[in-house]
Each structure stands twice: as C-alpha cells, then as structure tokens.
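User: I should like to go through the reasoning behind several of the labels used for this model. Please set each value against its criterion.

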Amino acid sequence: MREKKNLQDLNGVYVFNVAEREDLDRPTARLIKEFECIEEKFDNDIGSKYGILSGSRDNSLYSALWVAQALLRKGSAKTADKRMLLLTNEDDPFGSIKGITKMDMLRTTLQRAKDAQDLGISIELLPLSRRNDEFNVSLFYAELLGLEGDELAQFQALAGERLKDMKEQLRKRIFKKRKIRRIKFIIANGMSIDVDTYALIRPTNPGTITWLDSVTNLPIKSDRSFICTDTGALLQEPAQRFQSYKSEDVMLSVDELSEIKRIASGHLRLLGFKPLSCLKDYHNLRPSTFIFPSDEEVIGSTCIFVALHRSMLQLNRFALAFGGSSNNPHLVALVAQNEIISGGGQVEPPGMHMIYLPYSDDIRHIEEVHADANTIAPRATDDQTKTASALVRRIDLKDFSVCQFSNPALQRHYAVLQALALDEDEMPEIKDETLPDQEGMARPGIVKLLEEFKLSVFGENYEDNDLTTGGTMTEASRKRKAIADNATKEYSKYDWLELADTGKLKDLTVAELKYYLTANNLSVTGAKAALISRILTHMGK
C-alpha cells in the first residue's frame with residue numbers, strides 16, 4: 001500500500017479502526033458515513049501495490065500478520081475465537097524476489113504465522129482466482145497453513161463452499177432468533193414440560209408510530225376516563241356489564257366476563273397422534289412456529305421432548321394438540337423435524353414445527369359452491385397442458401426463496417429514515433424487485449413458448465383484449481367496447497386544450513366530459529367538478 005496506518009508504523013499495512021468499541025455494537029451516523037467512503041478513500045488516498053516488490057526489504061505479508069496478531073492479543077483463546085482471514089489473488093507473493101532475500105522473507109513470514117497459530121489464532125485463506133488463471137495454493141500458502149495430503153488436494157474445491165458458509169453464518173448472526181414466548185406443554189395428567197417458541201419467517205413491518213408532545217418531545221401516554229351521562233361526574237370504578245335474564249339484570253364484572261370467555265388456558269395440551277399422511281398442504285392456516293425444549297424452569301424438559309421427538313420420527317406420526325389464547329384458541333399439529341448437517345455446520349435444527357390447523361368452515365371448496373350441475377366444466381386438452389408445462393418449466397425460478405425479494409415499500413421507508421439520520425441530501429434509489437422481468441420475458445425462447453401457449457388456448461382468431469373470455473366477447477364486453485369506441489369518436493370533435501385554457505370546460509355536460517375521460521382510460525365517477533379537476537390534472541394544468 002502507498003499509505004500506512006498502524007501502531008507498529010510498518011509499511012504496507014493500513015488499519016481501519018473505530019474510536020470506541022461501542023460504536024461497533026451500535027453504529028453511529030458518523031461511523032456509517034465513514035465506512036461508506038472507505039472504498040473511495042482506499043482508491044484515492046491509500047492505494048495498493050502488486051505483491052512484494054523486488055529489491056525492497058519491506059515484507060507486507062509479514063507486517064500484516066504482525067499487526068493482526070497485535071490487534072488480537074487481548075482476550076483468552078478459551079473465551080474468544082481469534083481468526084485471521086487472508087483474501088488474495090496472488091498465489092506466490094514472493095515470486096518476484098530471488099536468492100537469499102527470498103529465503104529470508106519466506107522463513108520469517110512462516111515463523112510469524114506459526115507464532116500466531118501457537119497463540120490460538122487460526123489463519124484461513126480465501127483465494128480469489130484471476131481470469132484464466134487458477135489459484136495455486138501449493139506455491140506458498142500450503143506451507144503457511146500446514147496443508148498436505150487430502151487437505152491440499154481438496155482445498156481449492158472447498159474454498160467456494162467456505163465463502164458461502166461464511167455468508168450464511170453472517171446472515172444468521174444478523175437475524176436474531178425471534179423468540180416469541182415460553183409455554184407449558186402438557187403431555188399427560190401430572191406431566192408437563194416447558195418449550196420455547198420461535199418465529200421462523202415473518203413479514204417485516206415498519207416500526208410503530210410514537211406520538212410525541214409538541215413542547216417537551218416526550219412520548220405521550222394515553223389515558224381513558226368514564227364520565228356519567230346524568231351528572232357529568234368522573235367515574236372512579238370501572239363500568240359493570242349486565243345480562244338480562246327473566247326480567248332481571250345480572251351484573252357481571254370484567255374479570256367474570258373474561259373467565260366466562262376463557263376457552264384456552266394459554267398452555268399447549270397434547271391430544272393424540274395421527275399419521276403424517278392425514279396432514280394436507282392446505283391445512284397450513286398461517287406461518288408455522290418452531291418449538292424447542294427449555295430446562296431453565298422445568299428440569300428434564302429436554303429429555304421428555306427428545307423421547308417424544310424420536311418416537312414421532314420413527315413411527316412417522318405428528319402430534320395433535322390444543323392451544324392458543326382465550327381469544328384465539330386453535331388446534332395445532334406438531335411435526336417433528338430431524339437435524340440436518342452439512343460440511344459448513346448445521347443447516348436445520350432438531351425440533352418441532354407447530355402448524356396451525358383450520359376449522360371446518362375455514363376450508364371452502366370453490367368448485368362445489370360455483371359448479372353448475374347442468375354444465376360441464378371445461379378441461380384442458382393434452383396440447384394445452386403440454387404447452388403450459390413447457391412455459392412453466394422455462395420461466396421457473398431456480399432455488400427460489402422468499403428472502404430473494406425485498407419489500408419495496410419497506411425499503412423506501414427505511415431509505416427515508418436513513419437519509420434523515422445521516423443528513424443526506426439525496427435519497428438512495430430503491431429497486432423494486434417485485435416488478436416483472438421484462439428483459440427476461442422478452443427472450444426469444446420465452447416469447448416463442450408464450451405464443452404457442454396462447455395459440456393452443458385461444459386459437460388463431462383471438463384479440464388480446466378478450467383473453468380472459470377465451471376469445472369470445474360477452475354482451476358486457478361488447479357494450480364496454482361500443483362505449484369506448486363512441487367516446488374515442490366524440491373525443492376528436494373537441495379542442496380540449498382550448499377549452500381548458502379558456503375555462504369553458506364547465507360549460508360542457510357530464511356526458512361530454514366523460515368522452516375525454518373514457519378516451520384516456522381515466523375514471524368517470526364523481527361529480528362534475530371532480531371530472532373537470534381530473535381532466536385538468538391529466539393535462540398538467
């Protein structure tokens with residue numbers, strides 16, 4: 001590097017540090033703005049050099065290991081995970097140096113790496129291969145990392161997986177475990193355990209609005225009071241409810257009413273077991289909740305939970321339970337999930353998914369309600385099914401995940417907050433990833449399949465405006481088309497710009513104003529003043 005910044009005053013090492021450790025736990029606006037400029041600052045002010053220059057005694061790799069070791073000297077290896085990550089596309093940093101100088105640099109660099117490893121600091125390499133030039137780890141880094149045999153042979157193949165695992169681990173650390181609450185799981189009479197419930201995937205909503213006092217800028221606390229309608233006096237005691245029974249009013253307190261309405265106790269009660277084949281896809285009423293045992297209050301919860309979990313997996317059963325709050329009781333299905341482990345660690349944890357089951361009236365068969373016994377439901381032909389299947393396979397999203405797409409409204413909300421917090425003049429551009437991929441849909445292969453699908457379904461003589469009716473216009477469609485054609489014809493008879501400039505739009509009738517609105521695909525509802533305002537807005541007046 002052209003510039004240097006480190007406590008040891010070594011050449012070729014620039015340390016990006018923060019003034020206070022707490023800033024990393026809760027980033028400040030100043031730190032965020034400084035970090036956003038680090039790439040530009042590196043290119044303009046710091047700069048970099050290619051490898052270790054010949055004829056120079058500066059060993060930038062040795063210096064980097066020394067500075068990193070000094071930064072990691074605090075803390076015990078038993079309580080902290082200390083790790084150095086080397087990201088480089090130079091597989092032979094000492095390739096331009098010859099003779100005794102090269103041997104000396106190699107020896108000192110390898111010894112410095114060994115000293116760091118002896119202190120409990122692990123060193124990992126993430127090679128960045130150049131175009132048409134594969135990274136050769138055997139030239140230098142195999143000896144630095146202590147790779148030999150099978151580890152050396154498989155290193156390059158596993159390098160990409162390690163980078164992917166790092167990204168997944170970072171994502172797991174960013175998104176905290178969203179623990180909902182702890183509930184009691186009643187297994188049988190006299191036996192119960194504690195389980196923690198977690199939300200797996202939930203939509204992210206903007207923060208709640210907090211009303212502030214205009215003078216003190218403190219949060220406002222709402223309070224409710226009851227006033228007697230006869231005397232206007234403030235009632236100190238809460239109002240009582242009553243139920244008429246045999247010409248008498250039975251007074252009920254709020255606590256009594258709550259107890260009467262209480263159906264569920266808030267606990268989870270096991271009812272029995274059923275085969276997994278009885279659980280259908282459409283029984284999933286809303287996003288499921290993940291449950292895991294907890295031994296903090298009830299010792300032995302994990303042992304009972306594990307025994308139940310293993311039996312359900314072996315017998316291919318799910319547990320039927322009753323739970324929920326007093327306001328929202330429901331039946332749930334507990335489906336056991338086995339642990340899934342890959343080379344990078346745990347992919348799916350062991351536990352149970354609590355699936356909320358619907359009531360009978362939540363499942364409605366649309367075909368039974370709207371089917372007419374006198375008509376035969378249309379069925380797709382083999383050719384239509386074939387073209388539809390080919391189209392779906394072509395536009396199918398590979399490895400689809402709901403996390404691939406961001407909520408554009410939410411992104412804009414946080415972009416506005418970021419611009420206000422960082423005192424930025426311009427708001428960052430928000431890309432709406434939910435919009436159709438017009439460029440992708442315009443590829444020749446997809447366009448061809450689309451045409452084949454439309455041809456097989458609607459035939460050769462169809463109009464794009466009538467696709468929803470299968471190529472046959474209904475009476476309502478013909479009427480709407482006639483109105484639109486007439487409006488377009490009458491629209492051309494008026495000089496609308498002159499009428500707007502001279503203020504004579506108000507002299508036209510509502511029917512005449514609707515000619516303009518219909519011809520420009522605008523709404524025709526509202527009073528005459530609203531129609532004129534809509535026309536002027538469309539003209540930009």
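Analyst: This is a predicted model. A nonpolar patch on the surface is formed by L200, I201, L397, F400, V402 and F405, with about 550 Å² of accessible area together. One of its members, V402, lies in the loop between α11 (382-394) and α12 (408-421).

User: What makes L200, I201, L397, F400, V402 and F405 a patch?

Analyst: The criterion asks for residues with over 30% relative accessible area and no salt bridge, with nonpolar side chains joined within 5 Å. L200, I201, L397, F400, V402 and F405 form such a patch.

User: Why is Q69 called buried?

Analyst: Its relative accessibility is 12%, and buried means under 20%; Q69 therefore counts as buried. Q69 is placed in helix α4 (residues 60-71).

User: Which residues are in contact with Q69, leaving aside its neighbours within four places in sequence?

Analyst: They are M84, R112, D115, A116, L119 and I121. Contact here means heavy atoms within 4.5 Å.

User: Why does N217 count as exposed, and what is notable about its phi?

Analyst: N217 has 54% relative accessibility, and the label exposed requires over 50%, so N217 is exposed. Its phi is near 60 degrees, a positive value in a residue other than glycine. N217 belongs to the loop between β4 (191-199) and β5 (226-227).

User: How do you know that S247 is exposed?

Analyst: With 78% relative accessibility against a threshold of over 50%, S247 is therefore exposed. S247 also has a positive phi, near 60 degrees, and is a residue other than glycine. Its place is in the loop between β7 (241-245) and β8 (248-252).

User: Why is C278 called partly exposed, whereas C303 is called exposed?

Analyst: The relative accessible area of C278 is 34%, which falls between the limits of 20% and 50%, so the label is partly exposed. C303 has 61% relative accessibility, and exposed means over 50%, so C303 counts as exposed. As for disulfides, a search of the whole structure finds zero.

User: What makes β9 a paired strand with β3 and with β11?

Analyst: Pairing requires at least two bridges between two strands. Strand β3 (residues 178-188) and strand β9 (residues 268-275) have two bridges, in the parallel sense, so that pair meets the criterion. Six bridges join β9 to strand β11 (residues 317-324), and these two run antiparallel. R269 in β9 stands opposite I186, and its bridge partner in β11 is F322.

Technical notes:
Residues numbered from 1 in each chain as written. Predicted model: local features only at pLDDT ≥ 70, side-chain atom pairs only at ≥ 80, totals over all residues. Heavy atoms only, no water. Helix = DSSP H or I, 4+ residues; strand = E, 2+ residues; numbered from the N terminus. Buried < 20%, exposed > 50% of the residue type's maximum accessible area, 1.4 Å probe, protein only. Patch = residues over 30% accessible without salt bridge, like charges linked within 9 Å, V, L, I, M, F, W, Y side chains within 5 Å. Areas by Shrake-Rupley, 256 points an atom, 1.4 Å probe, with all protein chains shown as cover. Salt bridge = Lys/Arg side-chain N within 4 Å of Asp/Glu carboxyl O. Disulfide = S-S within 2.5 Å.
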